[in-house]
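This report deals with the empty spaces of one protein model and with a patch on its surface. The sequence and structure come first.

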Amino acid sequence: MKSLDRKIIALAVPMILSNITVPLLGMVDTAVIGHLPHAYYLGGSTVGAMIITFITWLCGFLRMSTTGLAAQALGRQNNDDATLVLLRGLLVAAAIGLVCIVLQNPYFQLSLWLAGGSEQVQFYAKQYMDIRVWGLPAALANIVMLGWLLGQHQAKAVMWLLILINSINLSLDLLFVLAFNWQVQGVAAATLVAEYSGLIAGLGFILHRYYQASISQLFSRQVLADVMNVSQLAAYFKLNRDILIRTLCLEVCFVFMTFQGARLGDNVVAANAILMNFLLLISFGLDGIANAAEAMIGKAKGAGANNELALILKRCTLWTIVFALAYSLAFALAGDWLINQITSITDVRTEAKKYLGWIMLLPLIGCWCYLYDGVYVGMTRADIMRNSMIVATFAVFFPLWWLFQSLFSQPLFLQISLNHALWLAFSGFMLARGATLGWHLYSRLLPQPIATPQ
């Protein structure tokens with residue numbers, strides 16, 4: 001048991017440390033912009049970032065499928081399959097990124113129309129997006145590389161690569177915004193440079209670590225033909241289709257919260273930007289344990305070690321609960337202080353603190369969906385993740401929001417902010433995800449033997 005715990009921690013701790021650099025950087029971005037004199041700077045950068053990250057998060061299927069397939073290839077000790085997983089993912093990432101650049105204008109116009117918000121928020125959102133869109137090919141390629149390295153159980157490499165990307169981003173944030181006074185454009189430019197720096201560093205590491213003696217073979221005609229194999233591409237896109245649908249539902253909920261917050265006013269959208277960074281800090285941290293589960297369960301499946309699944313799940317569950325409790329306690333003790341550090345705008349501080357209770361609650365009710373997602377990624381059972389997310393989105397999130405925003409609009413409840421309806425709906429959504437995935441896992445999946453790959 002101790003040996004298994006050590007394996008989990010060896011994978012999880014580097015992933016937690018690297019994962020939390022992403023929301024910590026978001027908090028720094030928010031803090032840099034949040035100390036500018038008007039809330040619409042923060043609102044604009046938040047809306048712009050959401051519209052861009054809608055694409056990168058939607059393409060999270062590239063990371064998930066790559067991790068699961070690479071881990072299974074590692075379990076089979078099949079280096080050729082691992083190479084094909086990497087190259088196929090990079091090819092798809094480049095294609096999506098280029099399409100987004102070509103279609104940026106209609107996408108931005110539609111997104112801003114849906115977002116609403118004040119004229120100033122729309123103006124600064126457009127400024128932000130006009131720069132960030134050029135980094136999408138690099139951002140998506142980085143997603144693939146990070147997923148592949150995790151699947152190869154190279155968690156420390158993932159950690160150092162993310163630390164590098166986010167350190168560059170942070171340094172340039174401070175330089176461009178505080179020294180050069182580029183405001184929202186400075187934040188976007190810093191991220192753009194960091195994404196391409198990460199791409200260069202990641203490719204360099206992978207080529208040196210895995211293909212130093214066989215770079216010419218890596219790009220041989222036979223390898224490229226295998227990457228484009230029709231039957232393998234069909235299976236790859238089928239897996240990614242289900243993860244894409246799952247992620248699209250998740251993103252619809254995130255975007256809906258951002259856009260509805262914008263319609264409730266500049267202070268609300270700015271407050272929600274702070275709270276969403278807290279939520280990302282929670283999710284990326286808990287994802288460290290889920291990432292360990294992905295890699296370990298994927299490897300076990302690839303090796304045909306069916307008896308390890310229940311034991312891995314048991315220990316990962318224990319560590320997930322420990323970290324969820326720690327997050328809730330941390331925000332209970334330091335939530336007010338964190339909000340004060342992120343923004344100096346009194347109205348935004350007051351607004352954010354109204355909803356801090358939801359952030360304290362979310363680690364405890366949301367930890368299950370993170371863990372079980374990791375299990376199903378490792379098993380490459382994206383169909384179950386897809387079905388769970390569809391139920392949580394359309395049978396829980398939107399009905400709860402509609403019900404409670406209608407209720408809070410009644411004279412008896414006018415003192416309750418409509419923003420509470422958004423956070424209540426999102427909490428129900430997270431709970432439903434964990435409940436549906438857990439039900440299937442314990443009633444359907446665990447009683448069945450794991451199919452050994454051919």
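## Pockets, cavities and a surface patch

The lining of the second largest pocket is made up of 10 nonpolar, three polar and three charged residues. The model is a predicted one. The second largest pocket holds about 300 Å³ of space. It is lined by 16 residues, and Lys 7, His 153, Met 296, Lys 299 and Glu 308 are the closest to its centre. Two or more lining residues come from each of α1 (2-19), α4, α14 (266-303) and α15 (309-342).

The largest pocket has a volume of about 620 Å³. Its lining counts 21 residues, of which Leu 69, Gln 72, Gln 232, Ala 235 and Leu 239 are the closest to the centre. The elements with two or more residues in this lining are α4, α5 (79-102), α13 and α18. Of these, α13 gives the largest share, six residues. Sorted by class, the lining of the largest pocket has nine nonpolar, four polar and eight charged residues.

Closed spaces were searched for as well. Across the whole structure there are two cavities of 30 Å³ or more. The second largest cavity encloses about 40 Å³. Its lining consists of Met 64, Ser 65, Leu 239, Ile 243, Tyr 376, Val 377, Thr 380, Arg 381, Ala 382 and Met 385. Four helices each give two or more residues to the lining of this cavity: α4 (60-76), α13 (230-263), α17 (356-378) and α18 (382-407). Leu 239 belongs to the lining of the second largest cavity and is also among the residues closest to the centre of the largest pocket.

The classes of the lining residues are set out below.

| Space | Nonpolar residues | Polar residues | Charged residues |
|---|---|---|---|
| Largest pocket | nine nonpolar | four polar | eight charged |
| Second largest pocket | 10 nonpolar | three polar | three charged |
| Second largest cavity | seven nonpolar | two polar | one charged |

On the surface, a nonpolar patch is formed by Val 99, Val 102 and Leu 103. Together these residues have about 290 Å² of accessible area. Leu 103 sits in the loop between α5 and α6 (104-115). Is Leu 103 buried, partly exposed or exposed? Its relative accessible area is 47%, and because the partly exposed class runs between 20% and 50%, Leu 103 counts as partly exposed.

Notes:
Residues numbered from 1 in each chain as written. Predicted model: local features only at pLDDT ≥ 70, side-chain atom pairs only at ≥ 80, totals over all residues. Heavy atoms only, no water. 1 Å grid on protein atoms, 1.4 Å probe; cavity = no way out; pocket = protein on both sides within 12 Å on 5 of 7 lines; lining within 4 Å. Points joined across faces, edges and corners; volume = space filled by probe spheres on them. Nonpolar A, V, L, I, M, F, W, Y, C, P; charged D, E, K, R; others polar. Patch = residues over 30% accessible without salt bridge, like charges linked within 9 Å, V, L, I, M, F, W, Y side chains within 5 Å. Areas by Shrake-Rupley, 256 points an atom, 1.4 Å probe, with all protein chains shown as cover. Salt bridge = Lys/Arg side-chain N within 4 Å of Asp/Glu carboxyl O. Buried < 20%, exposed > 50% of the residue type's maximum accessible area, 1.4 Å probe, protein only.
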